[in-house]
Amino acid sequence: MAYSAKIGPSILSSDLSQLGRECERMMECGADYLHLDVMDGHFVPNITFGHPMVECLRHSIGPDPFFDMHMMVSRPEQWVKPMAAAGASQYTFHLEATTNPGNLIKEIRESGMKVGLAIKPGTTVEGLAPWAGQIDMALVMTVEPGFGGQKFMEDMMPKVSWLRSQFPSLDIEVDGGVGPDSIHRCAEAGANMIVSGSAVVSSDDPRSVIALLKNVVIEAIQKRSLDR
Ligand SMILES: O=C(CO)[C@@H](O)[C@H](O)COP(=O)(O)O
Ligand SMILES: [Fe+2]
């Protein structure tokens with residue numbers, strides 16, 4: 001069992017005028033990585049930021065924090081090299097956005113980044129399965145991508161359970177509506193990389209929320225290893 005519990009706050013719901021400071025605050029509060037949501041206004045009906053912002057963030061926060069780029073864009077091929085140059089650590093693209101996932105995976109690796117592959121709620125997990133052996137992380141969306149603060153879709157959990165049963169050492173991430181109320185379902189299903197936006201960022205005590213989420217996932221991983 002090679003995977004471990006990791007919590008990655010999504011800074012989408014933070015004060016974007018203070019993005020650098022907000023990222024630092026999340027790392028100081030115990031975040032394992034930062035989940036950065038890139039939206040192009042085409043793949044999803046919202047716009048956030050692109051590689052120039054990532055470059056500034058990398059300069060201000062230093063080389064260590066892991067940047068998981070959640071690329072909600074229609075042409076993910078276009079941004080691989082700019083994101084790598086800007087200091088992205090992992091490039092998570094949507095299966096629905098490309099006709100050639102194999103080639104994109106290769107390009108991301110050649111650019112020096114880790115590879116994440118995301119599926120929207122309407123996409124079956126069987127569509128992702130052929131690529132699972134070539135990626136570092138599978139992202140199962142638990143809301144329709146586009147906005148923070150939406151309701152967690154519990155009916156996505158069978159996808160996570162199936163992936164965990166088929167790919168026991170794969171990093172599996174959940175994203176959307178995840179917080180103290182939904183973390184148990186995610187952890188039991190087998191997710192180990194947890195994106196949490198509003199539940200962490202808007203909390204009065206983000207450190208406690210991050211610690212709670214992480215402990216639930218650690219316990220589920222320990223239980224799974226005892227059950228094997
Ligand atoms: O990718 C997305 C939304 O499209 C997410 O990363 C959200 O931004 C997470 O925020 P919460 O749902 O946890 O508030
Ligand atoms: Fe995201």
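**Exercise 1. Describe the largest pocket of this predicted model by its volume, its lining and the classes of its lining residues.**

Solution.
Step 1. The largest pocket holds about 280 Å³ of space. The model is a predicted one.
Step 2. Its lining comprises 27 residues. Those that lie nearest the centre of the pocket are Gly148, Gly149, Gly176, Gly177 and Gly197.
Step 3. Sorted by class, the lining contains 11 nonpolar, 13 polar and three charged residues.
Step 4. At least two lining residues come from each of the elements β2 (34–39), β3 (67–72), β8 (193–196) and α8 (198–201).

**Exercise 2. Determine in which order the strands of the sheet are arranged, and which strands stand at the edges.**

Solution.
Step 1. The open sheet consists of eight strands, and their order is β1-β8-β7-β6-β5-β4-β3-β2. The pairing is parallel.
Step 2. β1 (6–9) and β2 each pair on one side only, and these are the edge strands.
Step 3. On average, neighbouring strands of this sheet are turned by 25° against each other, with direction ignored.
Step 4. One pairing may be examined in detail. Strand β5 (residues 114–119) pairs with strand β6 (residues 137–141) in the parallel sense, over four bridges. Opposite Gly116 stands Met137 in β6.

**Exercise 3. State which strands are touched by helix α4, which strands helix α2 lies across, and at what angles the helices run.**

Solution.
Step 1. Helix α4 (residues 101–110) packs on the sheet and touches β4 (90–94) and β5. The direction of α4 makes about 165° with that of β4.
Step 2. Helix α2 (residues 51–61) lies across β2 and β3. Relative to β3, helix α2 runs at about 170°.

**Exercise 4. Locate the residues that UniProt annotates as "active site" and relate them to the largest pocket.**

Solution.
Step 1. An unreviewed UniProt entry places the feature "active site" at Asp37 and Asp175.
Step 2. These residues are spread over 139 residues of sequence, yet they cluster in space, with a largest C-alpha distance of 10.5 Å.
Step 3. Both Asp37 and Asp175 belong to the lining of the largest pocket. Asp37 is found in strand β2.

**Exercise 5. Examine the two sets that UniProt annotates as "binding site" and identify which of their residues line the largest pocket.**

Solution.
Step 1. In the unreviewed entry, one set consists of His35, Asp37, His70 and Asp175.
Step 2. This set spans 141 residues in sequence, but no two of its C-alpha atoms are more than 10.5 Å apart, so the residues gather at one spot.
Step 3. From this set, the lining of the largest pocket takes in Asp37, His70 and Asp175.
Step 4. The other set, likewise from the unreviewed UniProt entry, consists of Ser10, His70, Gly146, Phe147, Gly148, Gly149, Gly177, Gly197 and Ser198.
Step 5. From this second set, the lining includes Ser10, His70, Gly146, Phe147, Gly148, Gly149, Gly177, Gly197 and Ser198. Gly146 lies in the loop between β6 and α6 (157–166).

Notes
Residues numbered from 1 in each chain as written. Chains lettered and ligands numbered in written order. Predicted model: local features only at pLDDT ≥ 70, side-chain atom pairs only at ≥ 80, totals over all residues. Heavy atoms only, no water. 1 Å grid on protein atoms, 1.4 Å probe; cavity = no way out; pocket = protein on both sides within 12 Å on 5 of 7 lines; lining within 4 Å. Points joined across faces, edges and corners; volume = space filled by probe spheres on them. Nonpolar A, V, L, I, M, F, W, Y, C, P; charged D, E, K, R; others polar. Pairing = 2+ DSSP bridges. Axes fitted to C-alpha atoms, helices over the stretch in contact; angles between N-to-C directions. Contact = heavy atoms within 4.5 Å. UniProt positions renumbered as here; feature names shortened; annotations may be inferred.
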